[in-house]
Amino acid sequence: MRMTRPHCLPGTRSLSSILALLLSGSLQFLLLGLYKLEVVRAVQTSKFQILIPQSLSKPGKGYDHRDALFGIPPYGGSIQQQVFYADTDLCDANNINAKGGYPQRSDGSAWQTPFILLVDRGGCSFVVKVRNAQRAGAAGVLIADDLCLCDRPDCKPETDEVCETREPLMADDGSGADVSIPSFLLFREDADQIKQALMNNQHVRAQMSFKVPAPGARVEYQLWTAPSDFVSRSLEQTFGLAAAALGDRASFQPHPYIYDGISAGCQTETGEDECFNLCLNDGRYCTIDPDDDMQSGSSGADVVREALRRLCIWQTYGTDGIGQKWWDYVTAFIDGCQAEGAEEVEGEPVQLNFNDPECVSFAMVVAQVDENVINDCMEKSGELGETSNVTNTLLEQEIKDQKAAGVVLIPSLVVNGAIVHGSLSFSTVLKAVCSGFSPGSEPAVCLKCADCNNELDCVEFGSCRSGPTGLIDSVVSGDVPLEIFVGVLFGFAALFGCVLCIQSRRQQRMMRDQVRGIVADYMPVSSQNTRTGDTSLALAQDEDDGDDHGNNGYDNGGATTNSSFSIT
């Protein structure tokens, strides 16, 4: 008997359950619980392959897997390391036995870093497992699914065993910002074969590679996010510099994310809005409440209206694929439209005010956006209001594009039709976009900055100023004059020479002092023996230590007296 893991995805829900989900503030649960998404399999941006043993290798596309939605994949690069299988679930950071697991080591040594760690699913969140593996020295993580998919032909669960009706998502639990290594989810049928080889003490070497499709010399990339999403704010405030530097070699397209309220059950059969102020147009276009307070502050309907405004700004000023005024407006809005009484707390997002017309006008003035033109665009796209049960052409198109792209979580970045996974930092996005160019067609900003230690600084100032080759890169690019570079080089050489000279003199002085001390210890003994005629054991003076007149002894009353070893 085949049992399935339950998935609650009805077309409609009761009002109380809707509010419970909405008030949770989790867009992930909202999308999975309320919205029947027509998920389209996106273009794969990663590949997993077993290199050793050859019997486990799958030529061509490699192993079917799913990327984590957290971590920082090294786009344009790969990780090739030995695989170890952990014999614990890695849920307890204090109970990780790096000397255990498989293959077993006869010398009892720990996992030799760097390595790829295979871990069983279950017991805690994906983020916790990957974070603990990262702390143990792993360069990448493979999560072995504990259930098979019901619709796969090779899924043959045992009696009363559960199978999954839907693919799991390796989602961020909200704490994955500190995870910097990539991770994959392997389907049970494949993971079992790899685990078996490791438990037989076979050495397994694998490769995790990352690259977006590179069809030519121009890259297209889209950012899917909501105006209220705080995760993407840093990127929205900074990546405009990179968009300008990429110029016409890349084409950007922003997509403000909203959800279809009709599919989510926010509009009744009679056309009434059941989701209150979360939606506009009688429940057609909705999003979550930005401050989780449906009684006061900004509402979901305010965020939908702001999404339409940004769409119009892009349509007006983004025809060049750069849209500098769109970036400027979003940055001005984030910086200047904070909610009343909002305070910056480390690790916590600052709430924004989405229902302040004066703030919107100010942001448009800062970005030099014509407010009249934007308002006219919003009106022409279709009436927008709480009780206007009509369609809006721009918002309808966004919902269609969203389903076609297969976007289920925000923020999401799509490069050349492929969804980029991992943390959407400035560095990750720049590397992903630059890896989308065909070899030899990369623009200057990619050649200069994609591999710099501080990509944002490089883009802002036009050269890589950090890292061991930062100054040399600046000279080669012409940002630092050759005369200054030569002067700095000679300055360092002179400084090094002075330090070396001072240290050499200091060592010579210390050696002379030591020799003088040794000689002074024996001088009284030698002098006394000469005066008394004592023939007991005494040290003979070295010929090189004679006086200024070439004498080999000490001057004792004008006479020259030699001391020597004596046995009597």
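By class, how many nonpolar, polar and charged residues does the lining of the largest cavity have? Keep that question in mind for the second figure; the model shown in all of these views is a predicted one.

**Figure 1. The whole protein, before we zoom in.** Start with the overall tally: the secondary structure comes to 15 helices and 18 strands. The protein has 568 residues, and 44% of them count as buried. Now think about contacts between residues at least 6 apart in sequence: 70% of these join residues at least 24 apart. A search of the whole structure also turns up three cavities of 30 Å³ or more, and two of them get their own close-ups below.

**Figure 2. Inside the largest cavity.** Rolling a probe the size of a water molecule over the atoms shows where empty space is left. The largest cavity holds about 80 Å³ of space. Its lining is made up of Leu223, Thr225, Ala226, Pro227, Glu236, Pro254, His255, Pro256, Arg310 and Trp326. Two elements, β10 (219-225) and β11 (250-256), each give two or more residues to this lining. Of the elements, β11 gives the most, with three residues. And here's the reply to the opening question: six of the lining residues are nonpolar, two are polar and two are charged.

**Figure 3. The second largest cavity.** This one has a volume of about 40 Å³. Look around its wall and you'll find Asp67, Ala68, Phe70, Pro73, Pro182, Ser183, Phe184, Phe210 and His421. Sorted by class, the lining of the second largest cavity has six nonpolar residues, two polar ones and one charged one. Hang on to the names Asp67, Ser183 and Phe184, which are among the lining residues here, since they come back in the next view.

**Figure 4. Strand β8 and the strands it pairs with.** Strands of a sheet pair through backbone hydrogen bonds, either parallel or antiparallel. Strand β8 (residues 183-186) gives you an example of each. With β3 (residues 65-67), β8 runs antiparallel, and three bridges join the two. Asp67 is the residue standing opposite Phe184 of β8. With β6 (residues 138-144), β8 runs parallel, and this time four bridges do the joining. Here Val141 stands opposite Ser183 of β8. In a regular strand the side chains alternate between the two faces of the sheet. You can see that in β8: Ser183 and Leu185 point one way, Phe184 and Leu186 point the other way, and all of them are buried.

**Figure 5. A little open sheet of three strands.** The order of the strands in this open sheet is β12-β14-β13, and their pairing is antiparallel. Because β12 (259-260) and β13 are at the edges, with a single partner strand each, one side of each has no neighbour in the sheet. Zoom in on β12 and β14 and you'll find an antiparallel pair with two bridges. For Tyr259, the bridge partner in β14 is Cys286.

**Figure 6. Asn281, tucked into a loop.** Find the loop between β13 (279-280) and β14 (285-286), and you've found the home of Asn281. Is Asn281 buried or exposed? Asn281 is buried, because its relative accessible area is 0%, and the cut-off for buried is under 20%. The Asn281 side chain reaches the backbone oxygen of Ser388, at 3.4 Å. Leaving out residues up to four places away in sequence, Asn281 touches Gln267, Glu383, Leu384, Gly385, Glu386, Ser388, Asn389 and Val390.

**Figure 7. Met364 in helix α8.** Met364 has its place in helix α8 (residues 357-367). With a relative accessibility of 1%, Met364 counts as buried. Again leaving out residues up to four places away in sequence, Met364 touches Arg309, Ile313, Tyr329, Val369, Glu371 and Ile374. Met364 and Asp328 are 36 residues apart along the chain, and their C-alpha atoms are separated by 8.6 Å.

**Figure 8. Asn95, in another loop.** Asn95 is in the loop between β4 (78-85) and β5 (115-120). Its relative accessibility is 48%, so Asn95 counts as partly exposed. Along the chain, Asn95 and Asn132 are 37 residues apart, and 9.9 Å separates their C-alpha atoms.

Notes: Residues are numbered from 1 along each chain as its sequence is written. Side-chain values use heavy atoms; hydrogens and water are left out. On a 1 Å grid over the protein atoms alone, a cavity is a set of points where a 1.4 Å probe fits but cannot get out, and a pocket is an open set with protein on both sides within 12 Å along at least five of seven lines; lining residues have an atom within 4 Å of a point. Grid points are joined across faces, edges and corners, and a volume is the space filled by probe spheres set on the points. Ala, Val, Leu, Ile, Met, Phe, Trp, Tyr, Cys and Pro count as nonpolar, Asp, Glu, Lys and Arg as charged, and the others, Gly among them, as polar. Buried means under 20% relative accessible area, exposed over 50%, partly exposed in between (1.4 Å probe, protein chains only). A polar contact is a pair of N or O atoms within 3.5 Å; within protein, one must be able to donate a hydrogen and the other to accept it, and residues adjacent in sequence count only if both atoms are side-chain atoms. Contact means heavy atoms within 4.5 Å. Two strands pair if DSSP finds at least two bridges between them.
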